[in-house]
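This report looks at how strands, nonpolar cores and charged pairs are arranged along one chain. The sequence and the structure come before the discussion.

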Amino acid sequence: MTVRKLTLSAAATTTVLLLCGSILGATSATAAGPAPTTTGTNTTTTAPATTAPARAEAPGTPETPGTPGAPGVADLPTTLAPPATGTAPEATVVRPAQGSAPATTTAAPALALSSYDPQAGTAVLTPAGAESAGAARTEAAPSEPAVQPGQLIDSPPTPAAPHGALVAVTGVRPAADETVAVTTRPATLPELLGATSADLHSAISPAAFEVKPWISGLQVTTDLSPTSGSGSVSGGLGLSADATVPLPGGSSAKLSGSVELHPAVDFSYRGGLGLIDPQQARIGFTLGAHADWHVSAALTGSTGPVRIALASYSASPVVMVGVLPVVINLAFTLYADISADGTVTLDAEQAYDGTWGVHSDYVKGPGWTTTTDPGTSTVSPLRLDLRGSATAKAGLLAEASVALYDTVGVKASIEPYLRVAVNGSVLLDATHPEPEVNGTIALYGGLDINGALMARLVVLGTPILEQDLPFLAFHREWPITSWSAGQSPVPLVNWTTLSAGLIDDNQSAYLRTRPDWDPSALKASCPDGSRLLGLAHGSDNGLCGDVTRANLWGANHGYVVDHGGTYVNTDWAPGYAKAQCPAGSFVSGYSRNGRTLGVLCAESATPLGTASRTLWFDKGDNRPAVAGGGDFAYGFGKGQCADDEFVAGVAYSQPWWQLWAARPYALLCQKLA
């Protein structure tokens, strides 16, 4: 299932592509704390990478310029170059694209980028050597400079420019030792590719990655397949772990198992007849994974969500569009993610399988659209030994970014996870045909995808905007199984994460039997025994719980919906629009219709308190010190009322970077009694 998400305005996207150094990019994922490194190599056979061959032009078919087969628009063969080895690769010196034609090579001698300062815009080119010059090049005349102002330098990754470089030459100063010092400005892909078209979806060779382990006891492996006819190599990146990691509060977690990752990149370009912006572009990635993962730890609510960095991966593969190199930067960090909202001893082994992806698409006119492809995923418990009363989560989180020449691109986090709600004890493994249960337990599988289009606007080399533009998160959770036996020692607290970014998320069994409670709006509702306790700023995620008071909704299931502040009696959030429940009701759901938010107000079965407070969360998390429910919207600011409160109202507006969608800024938290 592929789901289309947010759209960035055409004016903003045109400005992005006109003013920045290239059309896309990202900041490499980072982590802290070096650790010893051990590596090994396995060799197996896997499927080769996939490339997009040149397509034949369809003569006589009138199409829009910039689309495949359109008159005057060439489809160039697009392949992934093999990983570079040995000396620094040669830079390509070209004349900029003219009209519909791509940039053309010059008679410059073979040069390599040996020094580059992107802030100052200075670079030094040195001879690449007799072998790399090759017989195919025409030697420049003695009086002709090797590089001239107005030409472009398109360099694959070198030690001086690890992410590659695409610049336009503004000044040249040759030296007697055959080096050439140049001043530059950032160039754009339309200047390089003109009105041509290119497509690539390809696995990245494990040999192209630099891997940095972050914990001891971690072994990194690569699994290489034979070289395919396109010049690319497919395979898997693996790691195995057997480590003990300290946790907050003096406890520790033992991590073991194996993970195999299969990263791939998406790149496409459809040029226009001008050199300002293309007709269409895409940048993104997919990540396939298989893992058998074992986590054991003693967790409490104070443990909080903990992300343990396992290893960081980075690569800068080169896409050959005809004879022109385009550099893609891919980086990701793999984390173990564990959390609990109570006290529980966890010993869980689980299996993950799936392929997931994200990308951003540009189309001239509508602008940018971000897309999440949740693909297929399975999460299976292999062994469980749980004792306590808590909701605990264990997952493997990959934070990834993809860029072109390290400028503007996409970043995302992808996490398949296993969540368990236990109140008592359970033992489940291959030696026990039936689980040993005393109390209640419920198992859930889940997948979270969060991400952002990263925009950097540049005017005369000075950034005037550097703001991530998040797209709505994908969140889906499904029940695996549940058991109940014996006596539950204490009532079990239920937490539910809501996500209405893509489709309605109505968890209320009663409301699913009733007419649509807010037609034309995206909406989410809590399970019938829960109430809304939290919302996220910048996404459509929410948190429901029945902590302190369960089954608060009256037996008649009465409710109203408010959008315009009909029941507001005091201005508890000056300057903001408000949706608020009447006295005697609590918020059990929320909706968004463009720039308007609504609240679903359920009538309470018992009298409610009147003491209230305004809780702001637009600047970051504002949650109880020991917050139940976990991180229900990773990467976004979250507001959450206390366990003895309920949400009575929501204040909202439109962020300056997201004028098409209302976002919550504050909650009105009111005491239960």
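What follows treats the strand pairing, then the nonpolar cores, then the salt bridges, and ends with a single loop residue. The coordinates are those of a predicted model.

## Pairing around strand 21

Strand 21, which spans residues 367-404, takes part in several antiparallel pairings. Strand 19 pairs with strand 21 over 13 bridges in the antiparallel sense, and within this pairing Ile-328 has Leu-404 of strand 21 as its bridge partner. Strand 20 is likewise antiparallel to strand 21, to which it is joined by 20 bridges, and here Thr-345 stands opposite Arg-387 in strand 21. The connection between strand 20 and strand 21 is a hairpin with 3 residues between the two strands, and Gly-365, which lies in the turn, has a positive phi of about 110°. Strand 22, covering residues 409-428, runs antiparallel to strand 21 and is joined to it by 17 bridges; Thr-391 has Ala-421 of strand 22 as its bridge partner.

## Two open sheets

Four strands make up an open sheet with antiparallel pairing, in the order 31-36-37-34. Strand 31 (577-580) and strand 34 (612-616) each have a single partner strand and stand at the edges, so one side of each is left without a neighbour in the sheet. On average, and with direction ignored, neighbouring strands of this sheet are turned by 25° against each other. The antiparallel pairing of strand 31 with strand 36 (residues 645-653) extends over 4 bridges, and Gln-580 has Gly-649 in strand 36 as its bridge partner.

A further open sheet consists of 5 strands in the order 26-27-32-33-30, with mixed pairing. Its edges are strand 26 (505-506) and strand 30 (559-562); each of these has a single partner strand, so one side of each is left without a neighbour in the sheet. Strand 27 (residues 522-525) and strand 32 (residues 585-593) run antiparallel and are joined by 4 bridges, with Ser-591 in strand 32 as the bridge partner of Lys-523.

## Nonpolar cores

In soluble globular proteins, nonpolar side chains tend to be buried together. The largest nonpolar core in this model has 90 residues, of which Leu-189, Leu-192, Leu-261, Phe-267, Trp-293 and Val-326 touch the most other members. Strand 21 supplies the largest share of this core, with 11 residues. A second, separate core comprises 31 residues, among them Ala-579, Tyr-590, Phe-632 and Phe-636.

## Salt bridges

The count of salt bridges comes to 20, and the table lists examples with the closest N to O distances.

| Basic residue | Acidic residue | N to O distance |
|---|---|---|
| Arg-282 | Asp-361 | 2.6 Å |
| Lys-393 | Asp-337 | 3.7 Å |
| Arg-613 | Glu-645 | 2.9 Å |

The salt bridge between Arg-282 and Asp-361 links distant parts of the chain, for Arg-282 lies in strand 16 (residues 280-299) and Asp-361 in strand 20 (residues 343-363), 79 residues apart. Arg-282 counts as partly exposed at 25% relative accessibility, whereas Asp-361, at 8%, counts as buried.

The side chains of Lys-393 and Asp-337 also meet in a salt bridge, and this pair links distant parts of the chain, with Lys-393 in strand 21 and Asp-337 in strand 19 (residues 324-340), 56 residues apart. Lys-393 counts as buried at 13% relative accessibility, and Asp-337 is buried with a relative accessible area of 2%.

Arg-613 and Glu-645 form a salt bridge between strand 34 and strand 36, respectively, across 32 residues of the chain. Arg-613 is partly exposed, with a relative accessible area of 36%, while Glu-645 is buried, with a value of 4%. Salt bridges that share partners also join Arg-307, Asp-337, Lys-393, Glu-415, Asp-621, Asp-631 and Lys-638 into one network.

## A loop residue

Is Thr-179 buried or exposed? This residue lies in the loop between strand 9 (165-174) and strand 10 (180-186); with a relative accessibility of 18%, Thr-179 counts as buried, because the cut-off for that class is under 20%. Its side chain is joined to that of Asp-177 by a polar contact of 2.7 Å. Leaving aside neighbours within four places in sequence, Thr-179 is in contact with Val-124, Leu-125, Thr-126 and Pro-174.

Key:
Residues numbered from 1 in each chain as written. Predicted model: local features only at pLDDT ≥ 70, side-chain atom pairs only at ≥ 80, totals over all residues. Heavy atoms only, no water. Pairing = 2+ DSSP bridges. Axes fitted to C-alpha atoms, helices over the stretch in contact; angles between N-to-C directions. Buried < 20%, exposed > 50% of the residue type's maximum accessible area, 1.4 Å probe, protein only. Polar contact = N/O pair within 3.5 Å; in protein donor to acceptor, adjacent residues only side chain to side chain. Contact = heavy atoms within 4.5 Å. Core = buried A, V, L, I, M, F, W, Y, C linked by side-chain atoms within 4.5 Å. Salt bridge = Lys/Arg side-chain N within 4 Å of Asp/Glu carboxyl O.
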